[in-house]
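Subject: Handing over a structure

Hello,

Here is the structure I promised to pass on to you. Have a look at it first, and then read on for what turned up.

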Amino acid sequence: MTSRPAKKNLAKKQTAAKKKATTKRSPAKRRAATPENNAKPTLYGNLVVQLLSLLKDEHDFIANAANFSALLFNALPNVNWAGFYFLQGDELVLGPFQGNPACVRIPLGTGVCGVAAQQCETIIVPNVHEFPGHIACDVASNSEIVVPLFDGERILGVLDLDSPTIGRFDDQDAEGLNELVTVFVAHEEGLNADD
Ligand code: SME
């Protein structure tokens, strides 16, 4: 991977990913907006603004990924790990993250991250102990969400979040995180377009 990968059709691909985000779970029931169930969309909306502010005028991919992971780790409640794995060949390699030291290499199709990357879809795991092949990097982790990043039509890597709380992540998290990832990669794409 280059430090600033070129990307085309990104928005379309990420939108498709967002639609796929719930394919591993039964569809969420539509509910009327209340202060309770609107909390996550509001939080993620604020995070989009903060992420755009962090990315503004900065072109270094690693620095931006590092700040993105720190933003998520500090802003999202009940999260004990937040970070990236980037695809190199047929394995994912650890990128910028916040949390305990983690496994460095994950083969495609292995663990939650490897399956999400291989299947090109967001995966929500309410209980990691029930996910076949889950890779335990932190014994405190009980639930997980993995969101793929696309480089044009191919997978660039994944964003991975862990929580000590069973069932911590839902469809609203999937939508919010997909939006943030879209903003993040589109920023890098915009930088490439300026080259
Ligand atoms: N649990 C992940 C491995 C990465 S750590 O959670 C940081 C997986 O099963 O792919």
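To sort residues by character, Ala, Val, Leu, Ile, Met, Phe, Trp, Tyr, Cys and Pro count as nonpolar, Asp, Glu, Lys and Arg as charged, and the others, Gly among them, as polar. This is a predicted model, in which local features need pLDDT of at least 70 and side-chain atom pairs count only at pLDDT 80 or more, while totals for chains, interfaces and linings use all residues. Residues are numbered from 1 along each chain as its sequence is written.

Let's begin with the ligand. Around the ligand are 15 residues, the closest being Gly111, Val112, Cys113, Ile135 and Cys137 (a residue is near if its C-beta atom, placed from the backbone, lies within 6 Å). By character, this shell has eight nonpolar, four polar and three charged residues. Helix H4 (111–119) and strand S6 (154–163) each give at least two residues to the shell, and H4 has the largest share, four residues. Helices (H or I, at least four residues) and strands (E, at least two) are DSSP runs, numbered from the N terminus.

Now for the sheet. Six strands form an open, antiparallel sheet in the order S3-S2-S1-S6-S5-S4, where two strands pair if DSSP finds at least two bridges between them. At the edges are S3 (105–107) and S4 (123–125), each pairing on one side only. Antiparallel strands S2 (residues 91–99) and S3 are joined by three bridges; Leu92 has Ile106 in S3 as its bridge partner.

Enjoy exploring!
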